[in-house]
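Okay, thanks for having me, everyone. Let me put the structure up, and then I'll walk you through a few spots.

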Amino acid sequence: TVTIQGDAKIGHSVYGAGQLASLGRYWIATSPELAAEKGVEVGMPYGLKCGGKSTVVIQGYAEIGPDNMSMPTFDGNVFAGGKGILPYENVGIEGPGRYYMNNSGQYLWESYAGDDKEEAYMKYIKTLGITETTEVTISGNAFIKGSVYGGSENGHVRQNTHVTIAGNCQIGNGCGIGKNARFAWSDEDASNYSECASWDYTSPFAPYDKYNYSGGSSTGTDGHTYYGNVFGGGCGKDPYKAGKWNPDAGIVGGNTVVDITGGHILTNVYGGNEMTDVTGKCTINMTGGTLGVPRTLPQIKNHPVTCYLFGAGKGDQRVLFNTWTNVNETEVNITGSARIYGSTFGGGEDGHVLENAVTNIGGSVTIGETTYNHTGVIIGTWGTSYVDGNVFGGGRGFSGEALTAGSVGGNVTVNIMAGIMLGSIYGGGRLASVGTFFAN
């Protein structure tokens, strides 16, 4: 367990598990027969022997991350899991490889240098940064300047994740670059513009890609930010070569749960992962706290990609990712005194729900031993556009390029039992389909 409290100030990020090293002891499939029986590759874990759970608690007046961050600096984050590896990053002069012990007890070097060794190298990377289950709680007056992830950075969680946002904490550094600002909103004064630093939102609205690959740009123009987000799962957003990503980076093999009972999340909430898959179900329970910031109508028009809640993950708008960033199903429950300044989606942002998506607003939700009933949900700031005040049963496609972006493969259910929604209710998605066959 990692606990950070008091007035501790951490200069960079926090990880619940190790760097490259896995947490726990695992049974390994050592033969083709055993691998086939357990449904894994040879050399991969198929079961837990002992340990394997990582827990992170950030509370008190703790601060995580540096000041003055601007995109694409990726820092100030809290990961419930560990840190894996981005392939080919920070390798020594001998290139990528590993030391291993042979049958005689000697340590030998196995090189993965060269394109012909890439497949073997990627298989080896799958054995690094493994955690069985994770749990992270941000509470008190803690200040997380980056984002919170229930999973790992480029590593793997084999089973389930659980994220709790409570108390008077804040996720994201308000007022953007050069500021170290906390905000506790007691009204809806949009003159206090305080979003996190982000890419500009301008044509051609390209996602960040350091290799400038296929519609991406080394200077993003899609308005997104790495700061002020909460993810139920992990992160696998970075390519390791031009046009090449590791689809297993940050993956979650079970279910994710995000419980929000308090706090202030400045940007977005995602039940799933950032650019990678959740094998099971994503659940978000928001019974209190605040998502987003109040903004003027010109501010909303100039930056319409923030203050959202998504039941699934954050994908990529490009056709390359037509079948990436999947979750099996989603459930979004919003009740109590939850305040959302934008809109809500049962699906993902350019990610996909393979089966069904359910959204419930204004009912009862039980978290642990506490049942929360509706006391005053409000969704929206003005309710004058698709950006704020709306409830979408499906997902959000960023553009018309990838036809499956934001899609739900099964059915959508939206139940409105109470609350104030300043905009409109849509059974489907925003530029995103329902009942889609996922194919390249």
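So, let's start at Gln170, which is buried, because its relative accessible area is 2% and the cut-off for buried is under 20%. Keep in mind as we go that this is a predicted model.

Where does Gln170 sit? You'll find Gln170 in strand E17, which covers residues 170–171. And what does its side chain reach? The side chain of Gln170 gets to the backbone oxygen of Gly172, at 2.8 Å.

Okay, on to some strand pairing. Take strand E12, residues 133–138: E12 runs parallel to strand E6, residues 53–58, and six bridges join the two. If you want one pair to look for on screen, Lys53 has Thr133 in E12 as its bridge partner.

E12 also pairs with strand E16, residues 161–165. Those two run parallel as well, with five bridges between them. Here the pair to look for is Ile138, standing opposite Ile165 in E16.

Now for the other sheet I wanted to show you. How many strands form this open sheet, and in what order? There are nine, and the order goes E3-E8-E14-E18-E21-E24-E28-E34-E37, with parallel pairing. At the edges you have strand E3, 14–15, and strand E37, 425–426, each pairing on one side only.

Let's zoom in on one pairing from that order. Strand E18, residues 230–231, pairs with strand E21, residues 269–270, in the parallel sense, over two bridges. Val230 is the residue to click on there, and its bridge partner in E21 is Val269.

That's my tour, so over to you for questions.

Key:
Residues are numbered from 1 along each chain as its sequence is written. This is a predicted model: local features need pLDDT of at least 70, side-chain atom pairs count only at pLDDT 80 or more; totals for chains, interfaces and linings use all residues. Side-chain values use heavy atoms; hydrogens and water are left out. Two strands pair if DSSP finds at least two bridges between them. Helices (H or I, at least four residues) and strands (E, at least two) are DSSP runs, numbered from the N terminus. Buried means under 20% relative accessible area, exposed over 50%, partly exposed in between (1.4 Å probe, protein chains only). A polar contact is a pair of N or O atoms within 3.5 Å; within protein, one must be able to donate a hydrogen and the other to accept it, and residues adjacent in sequence count only if both atoms are side-chain atoms.
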